[in-house]
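Subject: Structure for you to look at

Hi,

Here is the structure I promised to send over. Please open it first, then read my notes below.

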Amino acid sequence: MTRTAPLTEPTAPPARPTTGGRRLTGLQPTGRLHLGNLLGAIRPIIAGQYRAETIVFLADLHALTVAHQPNEVRTRTLEQATTLLAAGLDPDRTTFYVQSQVSEHTELHYLLECTAGYGEAHRMIQFKEKSAAQEHVRLSLLSYPVLMAADILLHQADEVPVGADQSQHLELTRTVAQRFNARYGPTFVVPRAVYPTVSARVMDLADPTRKMGKTNGTALGTIFLLDPPEVIRRKVTRAVTDPGRSVEYDPRGRPGVANLLEILAAAVGAAPTTLAADYRSYAQLKHAVVEALDGLLRPIRLRHAELARDPGYVRRVLAEGAERARENAAETVYRAKRAIGLLD
Ligand code: AMP
């Protein structure tokens, strides 16, 4: 449904309830979701959905900015949606949808391409890093942060949780929003970045100097959310520890043990230093981590299996989410088109 009828005068960003801001997160459906995603991104979303208006979308358009397999994007998108629902995302509270199903993202993207500068996009560190590693650089990789700006501004989001790697893109979003508002009249809410706590950084089990994850992590050191219990046990048992035998929380001197304690702390809801005192050997600590991860991940795995038996249900949830997302999105695009001179 694309609205063409006038909605409101494009004089100011829409008013909204003052209780808590509107928070938006996009997750790229590439690779399998892992423990770092759960603790650093998914759990905060799930906790936040009870406190603030929450919008979550699967950024499948962003997944096309580098070489991709069409079937992989399709499959991962459905798998991630299923996993997020299994982990507790509540589609009645959270607007949850797939980016490409709401065409206003690309429509606003173009309007913002006419607002952002080539030099600004070209300066992005992530563009420099990713393009340096490729022979054929897609133009969409350059304009990726402008699409990200469209994702955020489309929903008039107040808060965007970002990792350090995305903070430059968020800054560009703010610049573009301010420029558009100054040139064409107040149209967009200028969002602010929200940074996760440092303790939400999960390190690779096989190499605790790297972040667990799809780009930097190792296969053996990454706990995927849908890993079977025996695989999790093997990965934790083989986790790199540090010289010494006593269990102490010392992130600098003993990063391997500190990482295990932090994972345990996140899983059971206690402080790593307090937990350290409970274990006399690394073997005991690892055993506790295996048990805690089982308690954390088993319910997600079981619920995922249940939901995966009915992909029609997950697709319906996403379609309804897209319908809801379009309500904000259509209004924003209408206002932006009017402001920029495309509509009377
Ligand atoms: P990525 O899967 O790398 O696109 O990351 C998506 C989001 O998951 C990030 O923005 C972080 O919030 C979170 N995340 C990814 N890896 C980790 C990690 N190792 N520790 C904590 N949070 C992470």
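A definition to start: the domain bounds used here come from an automatic or database domain assignment. Please also keep in mind that this is a predicted model.

**Domains**

The assignment splits the protein chain into two parts. Domain 1 covers 22–199 + 309–340. Domain 2 covers 202–307. How far apart are the C-alpha centres of domain 1 and domain 2? They lie 29 Å apart. The two domains do touch: 24 residues of domain 1 are in contact with 22 residues of domain 2.

**Overall fold**

The protein chain holds twelve helices and five strands. Its radius of gyration is 22 Å, close to the 20 Å that the globule rule gives for 344 residues, so the chain is as compact as a globular protein of that length. Along the principal axes, the C-alpha atoms fill a box of roughly 75 × 45 × 40 Å.

Contacts reach far along the sequence. Take those between residues at least 6 apart in sequence: 74% of them join residues at least 24 apart.

**Burial and surface**

How many of the 344 residues count as buried? The share is 48%. The protein chain exposes about 16,500 Å². Carbon and sulfur atoms supply 53% of that area.

**Charge**

The protein chain carries 42 positive and 36 negative charges. The mean positions of these two sets are 3 Å apart.

Best wishes

Key. Residues are numbered from 1 along each chain as its sequence is written. This is a predicted model: local features need pLDDT of at least 70, side-chain atom pairs count only at pLDDT 80 or more; totals for chains, interfaces and linings use all residues. Side-chain values use heavy atoms; hydrogens and water are left out. Helices (H or I, at least four residues) and strands (E, at least two) are DSSP runs, numbered from the N terminus. The radius of gyration is taken over C-alpha atoms; the globule rule is 2.2 Å times the number of residues to the power 0.38. Buried means under 20% relative accessible area, exposed over 50%, partly exposed in between (1.4 Å probe, protein chains only). Contact means heavy atoms within 4.5 Å. Accessible areas come from the Shrake-Rupley method with a 1.4 Å probe; for residues, only the protein chains shown count as cover. Lys and Arg count as positive and Asp and Glu as negative; His and the chain ends are not counted. The place of a charge is taken as NZ of Lys, CZ of Arg, CG of Asp or CD of Glu.
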